[in-house]
Every structure is written in C-alpha cells, then in structure tokens.
Amino acid sequence: MALVSVANLVLSIGDRRLLDGVNLTINAGERVGFVGRNGCGKSTLLKLIAGLTPLKPETGQVQVTRGVNVGYLTQDPTLDLELTLREEADTAFEELHKLHEELDKLTHDMGTAQGDELDKLLKRYEQVEHKIQSSGGYNVDHQIDATLHGLGLTDEFFGVKVKDLSGGQKGRLALAKLLLWHPDVLLLDEPTNHLDIAGREWLERYLHDYTGAVLLVSHDRWLLNNVVSRIVELQQGRIAEYPGNYEQFREQRALRFMTQQRMFEKQQERIKSEQAFIDRYRAGQRAAQAKGREKRLDRLVRDDLLERPVELNELSITLRPAARCGDLVCTADGISKGYENKPLFRNLHMVFKRGDRLGIIGPNGAGKSTLIRVLLGETEPDSGTVRVGPSVNVGHYKQTQEHLNLDHTVIDYLRPFTKTETEQEARDIAGAFLFSGDQQDKRMSVFSGGERSRAVLAGLMIKGHNVLVLDEPTNHLDISSAERLEEALGQYTLKQDGYGENQPGGGTLILITHDRMLLEQLVDQLLVFDGHGNVRHFIGKYSEYVAAQQAAANPGASQEAKAPEKKQEKKQEKSPAPQQSSASSGGRGGKHDKSSHAGGALSKMNQQALEAKIVECETKLAEVDRELANPDVYRDPIRVKKLQERRAKAAEELGPLEEEWARRAEEQ
C-alpha cells in the first residue's frame, strides 16, 4: 500500500532546476535510503513531502494517503527552550495526554449520566480507551527513558533546560521526540549527525524493528547497508531507484553507467557511419538510398538520441608523505587527564610506530579529542610524559575547525600551504576540491560545513604530512566525497616496498570517527574509551571488535557457533586435498587448452559466417544493454541478475570471435 506518492514534481529556485520530474512512492513498512550530493535537493524534497516548506512546485504533486501522519526530522529542530530535556521529550505524547484528560472527564460525567446519554458516554469511553492503548497506553515513562538513554541522553541531563543543552544534545532530543511520536511515515534527514557509535547502533536496531515506513537521508554507509532495502538517488534533479542496500546500489549504479556509456558510444558510431554514407553517396547512382538514410538518421536524432551519461566531478585527493619519519612516531608513558573529578583516561601507555593505522572510538565527551591534544603537545597531561619521534610532520584535521579565519577566501586559506604561494597554484588546488568559479573568491563564513571541510582537506594534501590525525573528517562530507577520502587514505597508509618520491604509502594515521565504514576500511587497531576513564587497546578491524563484544556478551552462543566450524575442519582434514588444476600450475590443458581448442574451431569458419556471428553476439549485447539502461528494470533484482548473466554469456562468446577476426586482419 502506497502511503506517499510523488508524481512528476518540478521545482526551480531562481534559474536552477532543483527537481526535474521527480517520481517516488513510499509503501507501508518500507525502509528507503535517500542519497545524493550535498545541496542537490534531498532536504527540499523531504520538506515538500512533510508539507513544511512555503515553496510550491511548478508542476506535479505530492499525495499522502488519508489518515497517514508524516514525521520529519529537520536538521534545525524547533524546541521549547524553557522546558527541561525530560519535559520536552514528554511533549511527544501531547495527544496521548489529551486523551487521558478526556477519559478522566468521561469518567466524571458518567457518574451522573443516565439513559441514552450514559450509552453515548460509554461508547466514547471505549473509543478513547482504544486510542490510548494504541498510542502507548500508560507506559510512556519507560518509552521516554529508553529512547533518551539509547540516544546517549543520560539521567544527569533530564533536569537541564533545553536552552542550556549543546547543539548535539538538542539534535538528539529532537530525534527522540520524533521516534516517540512514532508516525506512519518517518522522514529522517541525517539522524546520525550527533550520535556516537553506541547511539548509531541503537538507532539501527530501532529502525530495523520500526513498523512504519522510513525515508532515510544519511551519509552513514554502515547504517544504509544494515537498514534499508531500496536506495533512491537524486542526481541533477532526477530520481533513480535501485533495489537492495548501499553496497548493492554501488554495484548496480556502476553497471548502469557502464551500460548507458556503451549504448551512447554505439549510437554515436552508428550516426557517424550513417553520416559518412550519406555524405559519400549524396549525389550519383545511390543518391535515393542516401536520401532515405538521411531521413531515418534525422528521425533517430530527433526522437531517439541518447544523452551522454554524466558523472559529476569527484574530489581529486592524493595524500603522500613528503618525507619519511623515524620508526617511532610517538610514545606515551603513563599519561592521565581529567576535569573536575571526571577522569578521561588514566595511566595510559602507548607506542605509535610508522605505518600504524589507529582508530579511536568511544562516547561523545569521553576524552578522545583531549587525548590527541595531549599527544600533540597542545594540552599538558595531569601526569606522565609524551615523546614525539624525529622527523615527524603532523597534519591535524580538527572537528570544530576553530582555526579557520572565516573572513578569508578559499584562495587566501590555501596560498600559505602551496610551494610557491602563488594565487594560480592555490586556484588549481581549489578546483581539484570542487571549488569552481566565483566560489573560490567567497569568504569562508558563507560556506557550509562540508565546503569548509573540503578546504581543510585540500591544505592537508598540499603539505605532505607523514602523520595524519583526523578528528571526524567525514562529518560534513557527502558519501561520494567520503569515499574519495577513504580511497586516498588507503593509499596514504600502504606499506612501502621501496623508496622514491613516487612510492605510494608510508603514512601513519590516527583516526577519531563514529563512521563505522571508515573505521572498517582504514584501521587495524582501536583505542576504545568507555566514558569512565578506562581505555582498551584492541588489535584488529572494527568488525572483529564488534564480533568480540558480541561473543563476550553471549559466550554460550559463541561456543555453539564454533562447534560446527570444528566439525567442518575435522571433515576437511580427513578428505584428500584436491589436485591442483593444470591451468593454475602452469601446465598444459585447463583454460589454455580451451582457448586453443576454440581458436582451432573458429579458424575453420569462413569470414562471412564469422562476421555474422560477431554481429549476432553484438546484437545480443545491445539488447541486454538496452534493458539494463531502463531504470524500471532495477525494481526487480531477479530480472537484473538474469540480464547480467545473459550479458556475461554473450560477452564470453564474443571474445574469441573478435580475437579470431583480429588474427585474420593481421595476416592480410
């Protein structure tokens, strides 16, 4: 059942077409991920669905099924600043409280009513009682406490007035209120912005069990992988849909782009070929044929001309140490730090070596950033000593970006980082980080958090630091930019096999982040803060840490899981090892024999039959590509899989044919 339908929505702001014929349906119980570049119009579309914007679309409409309520989490929540945190959370049940008041009044009125009046009151009493039960009943206090705790708002903040809360706490309170209201359609715009890993895990479990529909705008790839079953992407004002989670979306999107590119190139080749024929035979005996072809070509260009598939510009990030540091980057000997009787870490011993990839995780306010400031000498420890190794050149990305002069332009900021300190070099770097045209001369004060983040990352790239300390580097980046940064950091931390200026890798990374995908892809050891002054050093990837935590919480299940593995290992020990295939061992046969045999069979085929077979295979590929270019196909994962299999089979058949054709061409 469709709860929300968006049909042919067109909206422009100034001379920019933000939404260009958008179509979207949200069905009951669905969890849909909504992705796209920062500023592409995602929040605007959510506000249009929720009816919370004065903007009016030029054409199209948004329809919400009668009786369906829509809840929207804005990035700038409106809260009553004079209420306490607990009181503001309780306003989520405002309608329920009104029902309780009505029930009390009905009880009072029934004490004196008689006859038909009493019957009416009894009937209304039953209706109100049913509404109360379906809206949470009498157990709302437990729901409020559980939700606030899950989002990291502990009892110590319950009595604090909203006006005295931090921005992050206000954001979590707004999310808690929306979840407690439990609308039929939940529109979430970056709900993880102020959540630590524990809060994100709680939200992930909550959304997984949510009975209503969810449309989720998020840069958290881990959350999108584990919660949604469909991804919609907004790009250049248009919606494209993909079944599955975020990883499946990436694969299907790449395939769709490749298919569209192939179809575009084939059509361009056909147009050039037809035009060449027309130009050659425009006059003479074949003029009539050329004229007929010209009419067909005109119709194709007018009615069926394909657009070149466009990929938006990506960040161009290359992180490479300018100089090699010593084997020992930093040592901490028994350091401790705390504030007002609140210990952040005690008697901490650490050794960081060149090439280490360390992730630091823990609750907000646990002391992660403070530890970094102590290690970098910006803050003195309460006890213990810190020593930094020789030739260490640290690049520090600060979460708060308080070091930025907001009166400077991007060019002003980048010039001191460049080798020549020339304006042109700064402009070249700014362009690589997607600052183009007038943007380069705007003051930093008018930029969004994501744009400022890109400027800071550009400065880090130029300097060639051999140690990078990054504090929440993806907080304001869209998914595409976060993935480019992830790739660059992966290259930066590669283990070096040799020496030389162009040798990739050799960098050391210390990463503070709540981005679980970033942790999983980049680090191989963790410092885990528990928020009570204790710090644990875990060797392994983030997923291994999660598995270890689950095993510790449920040791019985862990042992049961290991039992079948041991049985399988014993079974494999008894079975004889399979013989190595001749193809992999370098002998004759296997794949080599197969290709030789195919080549021998094809060599007997005459040229006309060979070319006809090539055309047949290319026709099959074109038919499959045409289907794969249709966005509606991706609504059916089974159909997509079958098409992919057909394409692979046709491509496999075409390969030897083209090789044989090329061999004959060389011999002529």
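In this predicted model, R427 pairs up with E423 in a salt bridge, with 2.8 Å between the closest N and O atoms. Both partners sit on helix α13, which runs over residues 423–432, and they are four residues apart, or about one turn of the helix. E423 has a relative accessibility of 37%, so it counts as partly exposed. Elsewhere, salt bridges with shared partners tie R200, E204, D220 and R516 together into one network.

The full tally is 30 salt bridges. Side chains of opposite charge can pair when their charged atoms come close. R17 and D20 are one such pair, their side chains meeting at 3.3 Å from N to O. Neither end is hidden away: R17 is partly exposed at 40% relative accessibility, and D20 is partly exposed as well, at 25%. D279 and R282 make another bridge, this one with an N to O distance of 3.0 Å. Here D279 comes out at 47% relative accessibility, which puts it in the partly exposed class because exposed would take over 50%. R282 also counts as partly exposed, with a relative accessible area of 42%.

Charge turns up in another arrangement too. R270, K291, K295, R296 and R299 come together as a patch of positive charge on the surface. Helix α10, spanning residues 287–303, is the main contributor, supplying four residues. R270, for its part, belongs to helix α9, which covers residues 246–281. With a relative accessibility of 53%, R270 is classed as exposed, since the cut-off is over 50%.

Helix α15 (residues 479–492) makes for a simple geometry check. Its 14 residues, at 1.5 Å a residue, should span 20 Å, and the C-alpha atoms at its ends are indeed 20 Å apart, so the two values agree. This helix is mostly covered, with eleven of the 14 residues buried. The buried set mixes charged and nonpolar side chains: E483, R484 and E486 are on the list, and so are I479, L485 and L489. S480, S481, A482, A488 and Y492 complete it.

Burial also describes L643, a residue of helix α22 (residues 637–667). Its relative accessible area is just 3%, and because the limit for buried is under 20%, L643 falls in that class. L628 is 15 residues away from L643 along the chain, yet 7.3 Å is what separates their C-alpha atoms.

Then there are a couple of backbone oddities. Most residues other than glycine have a negative phi. H182 is not a glycine, but its phi is positive, at about 60°. H182 is placed in a loop, the one linking α6 (167–181) to β6 (185–189). Its side of the story on exposure is intermediate: at 34% relative accessibility, H182 counts as partly exposed. N347 likewise has a positive phi without being a glycine, in this case about 45°. Rather than a loop, N347 is found in a strand, β11, which takes in residues 342–353.

Notes:
Residues are numbered from 1 along each chain as its sequence is written. This is a predicted model: local features need pLDDT of at least 70, side-chain atom pairs count only at pLDDT 80 or more; totals for chains, interfaces and linings use all residues. Side-chain values use heavy atoms; hydrogens and water are left out. Patches are made of residues with over 30% relative accessible area and no salt bridge: like charges are joined within 9 Å, nonpolar side chains (Val, Leu, Ile, Met, Phe, Trp, Tyr) within 5 Å. Accessible areas come from the Shrake-Rupley method with a 1.4 Å probe; for residues, only the protein chains shown count as cover. A salt bridge is a side-chain nitrogen of Lys or Arg within 4 Å of a carboxyl oxygen of Asp or Glu. Lys and Arg count as positive and Asp and Glu as negative; His and the chain ends are not counted. The place of a charge is taken as NZ of Lys, CZ of Arg, CG of Asp or CD of Glu. Helices (H or I, at least four residues) and strands (E, at least two) are DSSP runs, numbered from the N terminus. Buried means under 20% relative accessible area, exposed over 50%, partly exposed in between (1.4 Å probe, protein chains only). The expected span of a helix is 1.5 Å times one less than its number of residues.
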